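I opened my notebook and went through the chain piece by piece. These are my entries, in the order in which I looked things up.

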Amino acid sequence: MPTLLRVDSSPMFQTSVSRQLTEEFVRRWRALHPDGRVISRDLNQTQLAPVTAQWIAAAYTPKESLTSEQKCILELSDTLIAELEEADEYVIGVPMHNFSIPSTAKLWIDLVVRRGKTFTYAEGRPGGLLRGKRATFLVASGGKYDAGTALASFNFIEPYLRAVFAFLGVTETTFINAGGTAELRSAETNRAAFLQPYVNAVALHVG
Ligand SMILES: Cc1cc2nc3c(=O)[nH]c(=O)nc-3n(C[C@H](O)[C@H](O)[C@H](O)COP(=O)(O)O)c2cc1C
C-alpha cells in the first residue's frame, strides 16, 4: 500500500499558506492513490523537547543495553523515525522563520537524525538509511527568494533541508516555494488568485 507522510510545521493553523499547500498535495495524492495511506504529523501538536545529554546518551547506547528510562526518552524519536520508514513519500510544509525553518521543524530533525536508525558510519563514511523515498517541500515565505534576486542567498531553508535529507539517503527532493505571502496582508490581494500558481505547481508535481 503506498504511504505518504505529511508533516506540517506552521503555527498559523487558520491562515497558513504551507498548510493549505500540503492539504492540496494530500488531496491530489489521495485521488491518485485511492488505496493509499496518509500519516499526518503536525509538529505544532507534538510535544517536542530540545535534545538533552540524557537523550544523546540513550541514542548512542546499543539497543540491547537500553534501560527502561532510556527507552522512554527515545520513544518519540522512535515513533517519528518509524513514520519516515513506513512512508514511501514525504510532503513537508515549511514556513520560513528568520530565513530558515521553524524551531519545531528543527526539533523534529534533531529527533529523526539518529545513528544506526536513519544514518550509519558503518563503512567509515556516512550513509543514509532512508532509501528509495522522495520528499516534496512546500515552502511559504513573506518575501521572495527566487534565484538571481538579491534575497536568494538569504534562503537557508533549501540548502539546509537538501543537505539533511541527502545525509539520511533522501536525494529525490523537490521544492515548491510560495514566496511573497506578505502581500496577503493587503486587502487588494486575492488569496485564491495569489495561491493559484503554487496550487498548480503542486498538481503538476503530484501528477
Ligand atoms: C516568527 C516569524 C519569522 C519570519 N521570518 C521570515 C523571514 O525571515 N523571511 C520572510 O520572508 N518571511 C518571514 N516570515 C513570514 C513567513 O515566512 C510567512 O508569513 C509565511 O507565509 C509563513 O508560512 P505559513 O503561512 O505557512 O505560516 C516570518 C514569520 C514569522 C511568524
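**Entry: strand β1.** I began with strand β1, residues 3-8, in this predicted model. I found 5 of its 6 residues buried, so I noted β1 as mostly covered.

Next I asked which strands pair with it. I found that β1 pairs with strand β2, residues 37-42, in the parallel sense over 6 bridges. I picked out one bridge: D8 has D42 of β2 as its partner. Then I traced the path between the two strands. The chain leaves β1, passes through helix α1 (residues 17-32) and arrives at β2. I noted this β-α-β crossover as right-handed.

I also found β1 paired with strand β3, residues 89-95. This pairing is parallel too, and I listed 4 bridges for it. L4 stands opposite E89 of β3. V7 has I92 as its bridge partner in β3.

**Entry: strand β3.** How many of the residues of β3 are buried? I got 7 of its 7, so β3 also went down as mostly covered. I then checked which way its residues point. E89, V91, G93 and P95 point one way from β3. Y90, I92 and V94 point the other way. I found residues on both sides buried.

I looked for the pairing of β3 with β6 as well. The two strands run parallel, and 7 bridges join them. In one place I saw V94 standing opposite V139 of β6.

**Entry: T136.** I wanted one residue to follow in detail, and I took T136. I located T136 in strand β6, which covers residues 134-141. Is T136 buried or exposed? I counted 22 other C-beta atoms within 10 Å of T136. The cut-off for buried is 20 or more, so T136 is buried.

Then I listed what T136 touches, leaving out residues up to four places away in sequence. The list reads F25, V91, T174, I176 and H205. I looked again at T174, which lies 38 residues from T136 along the chain. The C-alpha atoms of T136 and T174 are separated by 4.7 Å. V91 I had already met in β3, as one of its buried residues.

**Entry: the ligand.** I turned to the ligand and its surroundings. I counted 16 residues around the ligand. The closest are S10, S18, P95, G142 and G143. P95 was already in my notes, among the residues of β3.

Which element gives the most to this shell? I found that α1 does, with 3 residues. Both α1 and β6 supply at least two residues each. I sorted the shell by residue type as well: 6 are nonpolar, 9 polar and 1 charged.

**Entry: the whole chain.** Last, I stepped back. I counted 7 helices and 7 strands in the chain. I read their order along the sequence as β-α-β-α-α-α-β-α-β-β-β-α-β-α. The radius of gyration is 18 Å, close to the 17 Å that the globule rule gives for 207 residues. So I wrote that the chain is as compact as a globular protein of that length.

Along its principal axes, the C-alpha trace spans about 60 × 40 × 30 Å. I found that 31% of the 207 residues count as buried. I also looked at contacts between residues at least 6 apart in sequence. Of these, 79% join residues at least 24 apart.

Conventions
Residues are numbered from 1 along each chain as its sequence is written. This is a predicted model: local features need pLDDT of at least 70, side-chain atom pairs count only at pLDDT 80 or more; totals for chains, interfaces and linings use all residues. The radius of gyration is taken over C-alpha atoms; the globule rule is 2.2 Å times the number of residues to the power 0.38. A residue is buried if 20 or more other C-beta atoms lie within 10 Å of its own, exposed if 12 or fewer, and partly exposed in between; C-beta atoms are placed from the backbone. Two residues are in contact if their C-beta atoms, placed from the backbone, lie within 7 Å. Two strands pair if DSSP finds at least two bridges between them. A crossover is right-handed if, with the strands pointing away from the viewer, the path from the first strand over the helix to the second runs clockwise. A residue is near a molecule or strand if its C-beta atom, placed from the backbone, lies within 6 Å of it. Ala, Val, Leu, Ile, Met, Phe, Trp, Tyr, Cys and Pro count as nonpolar, Asp, Glu, Lys and Arg as charged, and the others, Gly among them, as polar.
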